[in-house]
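This report goes through the fold of one protein chain and then through the surroundings of a few selected residues. The sequence and coordinates come first.

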Amino acid sequence: GGKSTVLRQACLTVLMAHLGCWVAAEACSLSPVDRIFTRVGANDAIMAGLSTFRVELEETSLILKHATARSLVILDELGRGTATFD
């Protein structure tokens, strides 16, 4: 357990370091990041007939369309969604 928390913390650490804040690290060397994208946790639109898996794929597709080579992309547990009848 705790993988999602570690991923979220990584995003916050990158953001804080870019802002010039102190981060809990002995050393920190980062390349510039233009955007941070996350796909963590399960959401669905069951009432609209969309399964969790379908929503995950649509959100991931949007991330991949808008991400650049300088983007930080965090994907957690992609593809573990359920069907609309679950």
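## Thr 60 and its surroundings

Thr 60 sits in helix α2, which covers residues 52-66. The model is a predicted one. With a relative accessibility of 7%, Thr 60 falls under the 20% limit and is therefore classed as buried. Its side chain comes to 2.8 Å from the backbone oxygen of Glu 56. Setting aside residues up to four places away in sequence, Thr 60 touches Arg 39, Leu 75 and Leu 78.

## The chain as a whole

The protein chain contains two helices and two strands, and from the N terminus on these elements follow the order α-β-α-β. Of the 86 residues in the chain, 17% are buried. The accessible surface comes to about 6200 Å², and carbon and sulfur atoms account for 57% of that surface. Among contacts between residues at least 6 apart in sequence, 61% join residues at least 24 apart.

## Helix α1 and the cysteines

Helix α1 spans residues 3-19, a run of 17 residues. At 1.5 Å a residue the expected span is 24 Å, and the end C-alpha atoms lie 25 Å apart, so the two values agree. Gly 20 follows α1 and has a positive phi, near 90 degrees.

Cys 11 is buried, at 8% relative accessible area, whereas Cys 21 is partly exposed, at 39%. How many disulfides are counted? A disulfide requires a pair of cysteine sulfur atoms within 2.5 Å, and by this rule the count is zero.

## The strand pair and Arg 39

Strand β1 covers residues 36-39, and Arg 39 belongs to this strand. Strand β2 covers residues 72-75; β1 and β2 run parallel and are joined by four bridges. Within this pairing, Arg 39 stands opposite Leu 75 of β2. Leu 75 is also one of the residues touched by Thr 60. The covered face of β1 carries Phe 37 and Arg 39, while Ile 36 and Thr 38 are on the uncovered face.

Is Arg 39 buried or exposed? Its relative accessible area is 2%, which is under 20%, so Arg 39 counts as buried. Beyond its neighbours within four places in sequence, Arg 39 is in contact with Glu 56, Glu 59, Thr 60, Ile 63, Ile 74, Leu 75 and Asp 76. With Glu 56 there is also a polar contact between side chains, at 3.4 Å. Glu 56 thus takes part in this contact with Arg 39, and its backbone oxygen is the atom reached by the side chain of Thr 60.

Glu 59, another residue in contact with Arg 39, lies in helix α2. At 27% relative accessibility, Glu 59 is partly exposed.

## The loops: Ser 71 and Val 33

Ser 71 is located in the loop between α2 and β2. Its relative accessibility is 16%, under the 20% limit, so Ser 71 counts as buried. Which side chain makes a polar contact with the side chain of Ser 71? The partner is Asp 34, at 3.0 Å. In addition, a polar atom of the Ser 71 side chain lies 2.9 Å from the backbone nitrogen of Thr 68. Not counting neighbours within four places in sequence, the contacts of Ser 71 are Asp 34, Arg 35 and Phe 37. Phe 37 is part of the covered face of β1.

Val 33 belongs to the loop between α1 and β1. Val 33 is partly exposed, with a relative accessibility of 26%. With residues up to four places away left out, Val 33 touches Val 14, His 18, Arg 70 and Leu 72.

## C-alpha separations

The table lists pairs of residues with their separation along the chain and in space.

| Pair | Separation in sequence | C-alpha to C-alpha distance |
|---|---|---|
| Val 33 and Ser 71 | 38 residues | 5.4 Å |
| Glu 59 and Arg 39 | 20 residues | 7.4 Å |
| Arg 39 and Leu 57 | 18 residues | 10.0 Å |

The pair Val 33 and Ser 71 joins the two loops described above: Val 33 from the loop between α1 and β1, and Ser 71 from the loop between α2 and β2. The pair Glu 59 and Arg 39 involves helix α2 through Glu 59 and strand β1 through Arg 39.

Technical notes
Residues numbered from 1 in each chain as written. Predicted model: local features only at pLDDT ≥ 70, side-chain atom pairs only at ≥ 80, totals over all residues. Heavy atoms only, no water. Buried < 20%, exposed > 50% of the residue type's maximum accessible area, 1.4 Å probe, protein only. Expected span 1.5 Å × (residues − 1). Polar contact = N/O pair within 3.5 Å; in protein donor to acceptor, adjacent residues only side chain to side chain. Contact = heavy atoms within 4.5 Å. Areas by Shrake-Rupley, 256 points an atom, 1.4 Å probe, with all protein chains shown as cover. Pairing = 2+ DSSP bridges.
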